[in-house]
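Student: I would like to go through this model with you and ask, for each label, what justifies it.
Tutor: Gladly; let us take the labels in turn.

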Amino acid sequence: MIYRTIKHIIDFISALLAFTILSPVFFILLIILLIVNRGSAFFLQERPGKNEKIFKIIKFKTMRDQKPNEYAHNLNRVTKVGNIIRKYSLDEIPQLINVIKGDMSIVGPRPLLVKYLPLYNKRQKKRHNVRPGITGWAQVKGRNAISWDQKFEHDVYYVENQSLTLDIKVILLTIKRLIKPEGINNNDNLNMPEFIGSK
C-alpha cells in the first residue's frame, strides 16, 4: 500500500511544521516548567515502538517526583501547572520530536509500558506492527473510559485498516476533543488500572 510507504515522510514533514508553529508555546512551557519543577522540564520514559524496539518517549513533566516510601496515586502527584497542561494535552507537544526522530507517528497506537510486552496475546501484539502515535483510534474512541481489551481491539483495527482517510479522521476527532476537553487526566494510564494480561 502506497500510503504505508510514504506515511513516515508525511509524519516527518507534518511534525516539523507543527513543531515550528507550536515552538512559542513549547518554549514558554519549557521556561515555566523549569521554574516550577526546579530545573526539570521533561519526563522521559522507555516505551516499545515499531517491532517492539525500545525508545524514550519525551513529554513535559506534569507530576512531582515520587518521594521515597510514598504510595500516592499518580493523580495526587500532578502539579497545578501540570493539571492545566494535561487538560489541553500540551504535555504531548515534545512527542513531535519523537516523530521527527522516527520513533513515533502522528497517528498510531499509543506506546504503552515496556513491562506489558510479555502480557500481550498474538492479536494484541499486532499493535507493534506500526509506529506508535501521539494520538490514535483508541484515544478518539474512548481513551481510558474503555477496557484494555477494547483499547487493544481499536489498536489492531487501526493497524489492519491504516489509511490516509482513517488518519485524517483520527486527527479531526482529536482536534474536536482538544477544543472541548473531556476527561482531563485521562492520558497514558494515569487513571487506568495496570494491564495484567487478557483472559
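Student: Which residues does Ile106 touch, not counting residues up to four places away in sequence?
Tutor: In this predicted model, Ile106 touches Asp11, Ser14, Ala15, Leu96, Val99, Gly133, Ile134, Thr135 and Ile171, where a contact requires heavy atoms within 4.5 Å.

Student: What makes Ile106 notable in the largest nonpolar core?
Tutor: That core has 25 residues, and Leu96 and Ile106 are the ones that touch the most other members. At least two residues of this core come from each of α1, β2 (54-60), α3 (95-101), β3, α4, α5 and α6, and α1 gives the most, with six residues. Another core lies apart from it and has nine residues, including Leu112, Leu117, Trp148 and Met192.

Student: Why is Ile13 called exposed?
Tutor: The relative accessibility of Ile13 is 52%, and exposed means over 50%, so Ile13 counts as exposed. Ile13 is found in helix α1 and belongs to a nonpolar surface patch together with Ile2, Ile6, Ile9, Ile10, Phe12 and Leu16, the accessible area of the patch being about 630 Å².

Student: How do you know that the span of α5 is close to the expected one?
Tutor: Helix α5 (residues 148-161) has 14 residues and reaches 20 Å from its first C-alpha to its last, against the 20 Å expected at 1.5 Å a residue.

Student: Which residues of α5 are buried, and what do they pack against?
Tutor: The buried residues are Trp148, Lys151, Phe152, His154, Asp155, Val156, Tyr158 and Val159, and the buried residues of α5 pack against α1 (2-36), β3 (105-107), α4 (137-140) and α6 (164-179).

Note on methods. Residues numbered from 1 in each chain as written. Predicted model: local features only at pLDDT ≥ 70, side-chain atom pairs only at ≥ 80, totals over all residues. Heavy atoms only, no water. Helix = DSSP H or I, 4+ residues; strand = E, 2+ residues; numbered from the N terminus. Expected span 1.5 Å × (residues − 1). Buried < 20%, exposed > 50% of the residue type's maximum accessible area, 1.4 Å probe, protein only. Patch = residues over 30% accessible without salt bridge, like charges linked within 9 Å, V, L, I, M, F, W, Y side chains within 5 Å. Areas by Shrake-Rupley, 256 points an atom, 1.4 Å probe, with all protein chains shown as cover. Salt bridge = Lys/Arg side-chain N within 4 Å of Asp/Glu carboxyl O. Core = buried A, V, L, I, M, F, W, Y, C linked by side-chain atoms within 4.5 Å.
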